[in-house]
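Here are my notes for you, as numbered points. Keep the viewer open and click along as you read.

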Amino acid sequence: MRPMLATPGDPSVGPPSGEGWVHEIKWDGVRLLADVRDGRLRLLTRGQRDVAVAFPELAGLADLAPDLLLDGEAVALLDGRPSFSHVVDRVHLTTEAAARRVAAARPVTYLVFDLLRLDGLDLTPLPWSARRGALEDLVQDLPHTQLSPVFEDGAQLLAVTHEQGLEGVLSKRRSAPYLPGERSPHWLKFPHRDRMSVVVGGWRPQTGTASRLGAVHVGVPVDDGHGRPRRDAAGHLRLAYLGRVGSGLAGRAGATLLERLAALPGTTYPFVDPIPHAEARGSVWVAPEVVIDVASASGTHPGGQQAAAAFLPGDPGRPGRGRPAGGAVSSQSVRVAGRTLRVSNLDKVLYPSTRTKGEVITYYVTHAEQILPELQGRPVTRIRWPEGVEKGHFFEKNLPSGAPDWLPRVTVPTPAPRADGTR
């Protein structure tokens with residue numbers, strides 16, 4: 001069986017509203033059908049390849065029932081955030097020993113969102129709501145397996161996932177059957193596509209030919225701690241790695257970019273973050289002087305690749321020639337206390353006086369020595385204004401699921417209501 005696929009939603013309209021729809025986070029992982037028959041587990045990719053040997057931590061799925069078929073996504077969480085590069089490499093493992101070593105170091109979580117067969121009964125004709133109910137009864141307290149949460153407010157979820165740098169939102173009609181292999185209008189996907197300027201630090205040719213551009217490695221300048229971009233001994237920018245961009249490089253646009261990159265002087269690896277050997281193999285590292293615009297269909301992952309990004313054709317610029325390479329960018333990775341943090345939408349206006357998100361962050365960093373002693377040890381909840389203080393807001397009582405696992409958690413009991421009904 002091939003998985004059901006979603007139809008792109010209209011970004012100008014956004015996720016549908018009303019009781020007939022539910023909404024899920026669009027995870028940045030690998031889609032897998034978990035097929036159990038006679039106690040044997042197969043994990044099938046969209047291309048119907050069995051990769052169960054690569055994910056030994058998911059072997060417990062075989063104990064859920066003698067016969068079942070689940071639909072879900074294997075997700076690797078890095079500092080509480082999905083990292084596509086840390087899971088996509090797993091599907092290429094073919095030996096149990098290698099898979100066990102990788103699973104021990106960075107296990108995946110199987111986020112289950114549908115139940116298609118149980119004890120020989122085909123559930124695909126049933127509405128989503130019935131399949132979800134059976135799934136919730138089935139999947140409980142299984143290591144490395146979780147139910148993908150569902151939400152009622154799609155517009156709010158879209159705003160929150162954008163703010164947290166997640167891939168997007170998937171909206172599903174409650175009454176819809178599961179249509180194997182079909183791209184159905186009953187499932188609508190709303191990926192986030194952020195446009196940003198990035199610096200090219202390397203490139204590699206298209207497989208099978210050296211005359212065509214296959215992909216470019218991109219990043220953003222790293223701050224030297226004094227508000228200036230960090231540079232190496234040769235004066236070249238040092239970059240935080242954002243990913244590999246391979247889409248949008250065909251035709252004249254790619255040829256023009258390759259011509260510009262081939263004329264640059266070669267250099268040592270220009271990124272401060274390491275990347276997998278398979279990503280670096282065959283790459284040519286160049287002086288980070290060319291700036292391009294990319295549209296990303298998922299959040300960028302420090303130290304990993306972008307799951308989907310496209311080069312926006314145009315004249316690739318150079319620093320100081322129309323596009324800023326050492327100045328402000330809309331998204332940046334920074335190192336704080338040994339941790340890589342991603343800050344996004346730095347140019348978003350938060351306050352009516354045109355104070356942007358980047359300016360607000362700069363203010364808090366500047367005054368951290370005075371602020372932090374007053375906040376230490378105090379639990380925090382948040383009221384969020386995703387589109388600035390002049391627009392809608394909501395109270396976020398609980399820590400979001402994508403928060404880094406190094407953040408301390410504390411449970412705050414809800415006080416009993418007063419006589420007048422307030423708390």
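1. Start with Arg40 and Asp50: their side chains form a salt bridge, with N and O 3.5 Å apart. By salt bridge I mean a side-chain nitrogen of Lys or Arg within 4 Å of a carboxyl oxygen of Asp or Glu. The two partners sit 10 residues apart and tie together distant parts of the chain: Arg40 belongs to strand E4 (residues 40-44), while Asp50 is in the loop between E4 and strand E5 (67-75). Helices (H or I, at least four residues) and strands (E, at least two) are DSSP runs, numbered from the N terminus.

2. A quick word on where this comes from: it's a predicted model, where local features need pLDDT of at least 70, side-chain atom pairs count only at pLDDT 80 or more, and totals for chains, interfaces and linings use all residues. Residues are numbered from 1 along each chain as its sequence is written, and side-chain values use heavy atoms, leaving out hydrogens and water.

3. Is Asp50 buried or exposed? Neither, quite: Asp50 is partly exposed, at 32% relative accessible area. The cut-offs are under 20% for buried, over 50% for exposed, and partly exposed in between (1.4 Å probe, protein chains only).

4. Now hop to Asp67 and Arg117, another salt bridge, whose closest N and O atoms are 2.8 Å apart. This one also links distant parts of the chain, with Asp67 in strand E5 and Arg117 in strand E8 (residues 109-118), 50 residues apart. Both ends are tucked away: Asp67 is buried at 16% relative accessibility, and Arg117 is buried at 11%. The pair also has company, since a network of salt bridges links Asp35, Arg37, Arg42, Asp67 and Arg117.

5. For a pair within one helix, look at Glu96 and Arg100, which meet in a salt bridge of 3.6 Å, N to O. Both are in helix H2 (residues 96-105), four residues apart, or about one turn of the helix. Glu96 is exposed at 53%, whereas Arg100 is partly exposed at 49%. Across the whole structure, a search turns up 14 salt bridges.

6. Last stop, helix H3 (residues 128-138): Trp128, Arg131, Arg132, Leu135 and Leu138 are buried there. They lie on the same side of H3, because they span an arc of only 120 degrees around the axis (the arc is taken from the directions from the helix axis to the C-beta atoms). Among the elements covering these residues are strand E2 (21-25), E5, E8 and strand E12 (168-173), where contact means heavy atoms within 4.5 Å.
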